[in-house]
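Hi everyone, thanks for making time this morning. I'd like to walk you through one model and its two ligands, so let me put it on the screen.

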Amino acid sequence: MSVLDIRVLGDPVLREDTKPVAAVTDELRELIKNMFETMDLAKGIGLAAPQVGRTERVAVIGVEKDRFAIINPEIIEADSKHAKAEEGCLSIPDVYGDVERPARVKVRAMGLDGQTFEVEAGELLARCLQHEIDHLHGKLFVDYLSILKRRAAMAKWAKEKDKYPGFIRKLESDPSRNHEHPDEEL
Ligand code: K1U
Ligand code: ZN
């Protein structure tokens, strides 16, 4: 398994639409495994393929006990009732904003076994599913902010972005999991 670099705001891949996946291949399974590892290391609750520079329509979710991949996901029902809560994004580190979204959604997707499944969600899982599906269509949470709040978020990002040359966020690997050079651990 490998930890992947995360692309940050400014990388054009975050604004592209993704391509539907035709079949679950070994290569896609490997990408998904690596995305889970990257999400966990970054302490995220979700991660979408464009965030690791890929254009497949796939994301991973890790909200409490709910941990699954969504391939070609679609929102098939959205509650007319909306809820507002703060969001962050692994591709816009240290920038946060309140986003209003449907409180509950039903999502249809393909799973790792190639079978179609549906998930009905509220609260954080519903928010996370919507945030990740947005990523798969080039949309970011800052796009929902009012002009003033978006301006403030962009001003904060202007101060942060130089930490990520080439729009790449490198995560620190957990050294206790590096067995390539065991002598260096002595
Ligand atoms: O896609 C991403 O950038 C991951 C992002 C997803 C997300 C955050 C907040 C609301 C909805 C979806 C994150 O995981 S950022 C980390 C984070 O904000 C968070 C972590 C643990 C619990 C709650 C939020
Ligand atoms: Zn995000």
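Let's begin with a question: what spacing do the donors of the zinc ion, ligand 2, follow along the chain? Please keep in mind that this is a predicted model. The spacing reads C-x41-H-x3-H. In residue terms, the protein donors are Cys 89 through SG, and His 131 and His 135, each through NE2. They lie 2.0 to 2.3 Å from the zinc ion. Distant parts of the chain are linked here: Cys 89 belongs to the loop between strand 5 (82-87) and strand 6 (97-102), while His 135 is in helix 2, 46 residues apart.

Now over to ligand 1. You'll find ligand 1 in the largest pocket. Around it are 14 residues, and the closest are Ile 45, Gly 46, Gln 51, Leu 90 and Glu 132. By character, that shell splits into four nonpolar, six polar and four charged residues. Which element gives the most to the shell? That would be helix 2, residues 123-135, with five residues.

For those of you setting up polar contacts, here are three side chains to look at. An oxygen atom of ligand 1 lies 2.6 Å from an N or O atom in the side chain of Glu 132. For Gln 51, the corresponding distance is 2.9 Å, and for His 135 it is 3.4 Å. As for burial, the protein covers 78% of the 520 Å² of accessible area that ligand 1 has on its own.

So His 135 turns up twice: as a zinc donor, and in a contact with ligand 1. Thanks, and I'm happy to chat.

Technical notes:
Residues numbered from 1 in each chain as written. Chains lettered and ligands numbered in written order. Predicted model: local features only at pLDDT ≥ 70, side-chain atom pairs only at ≥ 80, totals over all residues. Heavy atoms only, no water. Near = heavy atom within 4 Å. Polar contact = N/O pair within 3.5 Å; in protein donor to acceptor, adjacent residues only side chain to side chain. Areas by Shrake-Rupley, 256 points an atom, 1.4 Å probe, with all protein chains shown as cover. 1 Å grid on protein atoms, 1.4 Å probe; cavity = no way out; pocket = protein on both sides within 12 Å on 5 of 7 lines; lining within 4 Å. Sits in = over half its atoms within 2 Å of the grid points. Helix = DSSP H or I, 4+ residues; strand = E, 2+ residues; numbered from the N terminus. Nonpolar A, V, L, I, M, F, W, Y, C, P; charged D, E, K, R; others polar. Donors = N, O, S within 2.8 Å, 3.2 Å for Na, K, Ca; no water.
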